Amino acid sequence: MANEQMNGSEILLKCLVDQDVTEIFGYPGGAVLPIYDAIFNQNALRHILVRQEAGAVHAAEGYARSTGKVGVVLVTSGPGATNVVTGLTDALMDSIPIVCLTGQVPTHLIGNDAFQEADTTGITRPCTKHNYLVKTVDDLARTVHEAFHVARSGRPGPVVVDLPKDVVQAPGVYTPPNKVKLKRYNPQVKGDLKAIKQAVELLAQAKKPVFYCGGGVINSGPAASQLLTQFVRLTGYPCTLTLMGLGAYPASDPQFLGMLGMHGTYEANLAMHDCDVMICVGARFDDRITGKLDEFSPGSKKIHIDIDPSSINKNVRVDVPIIGDVAHVLEDMIKIWKSEQAKPDQKALKAWWKQIDEWRAKDCLKYTQKGDVIKPQYAIQRLYEATKNLEDVFITTEVGQHQMWAAQFYGFEEPNRWMTSGGLGTMGYGLPAAMGVQVAHPDALVIDIAGEASILMNIQEMSTVAQYRLPVKIFILNNEYMGMVRQWQELLYEGRYAESYMESLPDFVKLAESFGAVGLRAEKPGDVDGLIKEMLAIDKAVIADVMIDKTENCFPMIPAGAAHHEMLLGPGDEAEKPTSEDGMVLV
Amino acid sequence: MTPKSEIENSHTIAVLVDNEPGVLARVIGLFAGRGYNIESLTVAEVAAGENLSRITIVTSGTPMIIEQIKAQLDRLVPVHKVSDLTMDGPAVERELALVKVASSGDKRVESLRIADIFRARVLDSTNDSFVFEIVGDTGKLNAFIELMEPLGLVDVSRTGVVAIARGTGAL
Ligand SMILES: Cc1ncc(C[n+]2csc(CCOP(=O)(O)OP(=O)(O)O)c2C)c(N)n1
Ligand SMILES: [Mg+2]
């Protein structure tokens, strides 16, 4: 059987099956016709036909993030390949394991400006973790297996395998994964015990400690989140999460300070600013987190656990770097903490919590729902209340204010339940991502919390939703503005709202209906609960158009270029704290 | 005074890579995309049987940047080993240049005299020109080229630096 002659396309599919792939997201075209022909002739793999290749990558991202598996994409050469560039960049920034198979013109035409030729490996080199051009069918199986290994190990990321048409047509021999020698790329997963010991000592002596944790905890697998929760509770220290890390520590836990960063909570950001020992677990000190770098947490010793050595000392110098996989390192850390019988200074800790509680008392996320207009925070809070006790819920988002409100007001108790475009901030991510999640979890409730501008960026995917009867719920916070853009224009450009008003929006209810979905609308605060109830009762796709306050801003906010303690808490705060020239150049 | 962490130093970094298409583009793209300097870069296959090439990069930056450069190089899939020859102990460095000087009379004699002092070899000679080959560290080559400037220097071709650690160790 193993030596049976197959063609390249059959070899490719066999690779996928042996890599545990069951679903792929794709779109056909000339260069990949042999592969589609092979797909036609088998039943092991289910192909989900998207409506634009960008949707395929985001769907695969949603699939990957909700399952921990590698997401797989198949597209044609030229325009098929160029359409995946945004998704690949998104997956690279957020460390999502993706294998993207791109068709290519036959090898003898490469470099000839042939029809639908693009230099795919050239174009995708900076936006993939690695990429390959397979030049002969003899290399095919080994390359695909290595691609999966690279995508999922170490810091995960997207990998492109470019497949010339003659290669996938040629007869060849299959090599199974266990016969492929992976002689390169073996990232270190165990942390250095000496460094871990040092970290434990530092943590045990802390008077004002804080855990700052991110998407790396989630990428390390569900065990990492459990270990993190165990360790945070063992220490009694406060814990904050990045946008990408939400769910790595239970939101309802009293030791949770909420999200940190540009739109993070007052208590989380001030704890970061004032702490004396910070332990960063699987996060990367990016500019949305640190704010002004030279004023970032000035008085603290810093411990950093990361599987990617290049994340360490990139933006912020740390005192104890630990290179390794989060779960492995935390396991060792807990062991050492216990065996050394670490005893934190309870008096200092009590004072620290007292301070934190004072910050908490500011109630920085407060808002008032009164009058006739729906406040976006209220809509999300009601959605959360209505769904938090349900069995199996996944939330995706688009990008903008609604995304930040979702992060602030929807609580996640578990990892892998929250999919959002963090690093790249890609509008149009949420709907295809929700599709991918729903494909992986057919019986789950999957909600895309969307903005009316973002949703239009990949609205064509409603057709995919219809074809596969995916019951995703699209919960649009409709402010008729690119709200986040409008907010910056209000705060930084004296209210000159250049091109941020969303003219000529579709009627989302009719739009839903035209795709065979159900459209609902809420216009008054009193409509919100009813709309949510109705939405949840429908076992089809729903677009819920929630008309919200058009000019609500998202607070707290640390303006770009400001430090953590220079946070704006609400509308009244703006005047006193003008943004510096340096800040204005930042995004 | 500039704090130590802000001082930019030149480092010679040796990188052992799989000799495969795109590997050089990956390395160069990394430097371009992240705004790092390349002062010189050389590459050639060093172990044909194992399909390995060695890249020598001379770059400069603050200690934090140099650390980043090494970590970024090290996480590329085709990269097997990264070594900072400047940091990791004594190393020898050499560069080769071909230097063309076109002149006559006293200047021509003078260029030959200086070449002799620098132990440069004459590779080609016509009635009005020489091509010198000179080997040495970058500073020596710079000095030689500078001296040739007024003597009719018309063209220079340099290999860039290659380097290797002193002693018994290998990359
Ligand atoms: C593809 C893309 N283009 C532009 C932007 C810049 N951008 C960030 S938020 C935003 C507005 C989003 O509007 P909407 O989806 O209505 O969300 P809201 O902020 O109103 O909640 C824009 C244009 C982006 N993030 N992604
Ligand atoms: Mg909007």
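This is a short chat about the two ligand sites of a predicted model.

Colleague: Which residues coordinate the magnesium ion (ligand 2)?
Modeller: A:E452 does so through OE atoms, A:N479 through OD1 and A:Y481 through O, at 2.1 to 2.6 Å.

Colleague: What spacing do those donors follow along the chain?
Modeller: The spacing is E-x26-N-x1-Y. A:E452 sits in helix α19 of chain A, while A:N479 is in the loop between β18 and α21, so the pair ties together parts that are 27 residues apart in sequence.

Colleague: Are A:E452 and A:N479 buried or exposed?
Modeller: Both are buried.

Colleague: And what is the geometry of the magnesium ion site?
Modeller: Irregular, with six donor atoms and angles of 52 to 174 degrees among them.

Colleague: Switching to ligand 1, how many residues surround it?
Modeller: There are 17, and the closest are A:Q401, A:H402, A:G425, A:S454 and A:G483.

Colleague: Which helices each supply at least two residues of that shell?
Modeller: α17, α19 and α21 of chain A.

Colleague: What classes of residue are in the shell?
Modeller: Eight are nonpolar, eight polar and one charged.

Colleague: Which polar atoms lie by ligand 1, and how far away are they?
Modeller: A side-chain N or O atom of A:H402 is 2.9 Å from an oxygen atom of ligand 1. A polar side-chain atom of A:E452 lies 3.0 Å from an oxygen atom of the ligand. A backbone N or O atom of A:M427 is 3.4 Å from a nitrogen atom of ligand 1.

Colleague: How much of ligand 1 does the protein bury?
Modeller: The protein buries 76% of the 580 Å² that ligand 1 exposes when taken alone.

Technical notes: Residues are numbered from 1 along each chain as its sequence is written. Chains are lettered from A and ligands numbered from 1 in the order in which they are written. This is a predicted model: local features need pLDDT of at least 70, side-chain atom pairs count only at pLDDT 80 or more; totals for chains, interfaces and linings use all residues. Side-chain values use heavy atoms; hydrogens and water are left out. Donors are N, O and S atoms within 2.8 Å of the metal (3.2 Å for Na, K and Ca); water is not among the atoms, so sites may look incomplete. Four donors count as tetrahedral if all angles lie between 85 and 135 degrees; four count as square planar and six as octahedral if opposite donors are over 155 degrees apart and all others between 65 and 115; anything else is irregular. Helices (H or I, at least four residues) and strands (E, at least two) are DSSP runs, numbered from the N terminus. Buried means under 20% relative accessible area, exposed over 50%, partly exposed in between (1.4 Å probe, protein chains only). A residue is near a molecule or strand if one of its heavy atoms lies within 4 Å of it. A polar contact is a pair of N or O atoms within 3.5 Å; within protein, one must be able to donate a hydrogen and the other to accept it, and residues adjacent in sequence count only if both atoms are side-chain atoms. Accessible areas come from the Shrake-Rupley method with a 1.4 Å probe; for residues, only the protein chains shown count as cover. Ala, Val, Leu, Ile, Met, Phe, Trp, Tyr, Cys and Pro count as nonpolar, Asp, Glu, Lys and Arg as charged, and the others, Gly among them, as polar.
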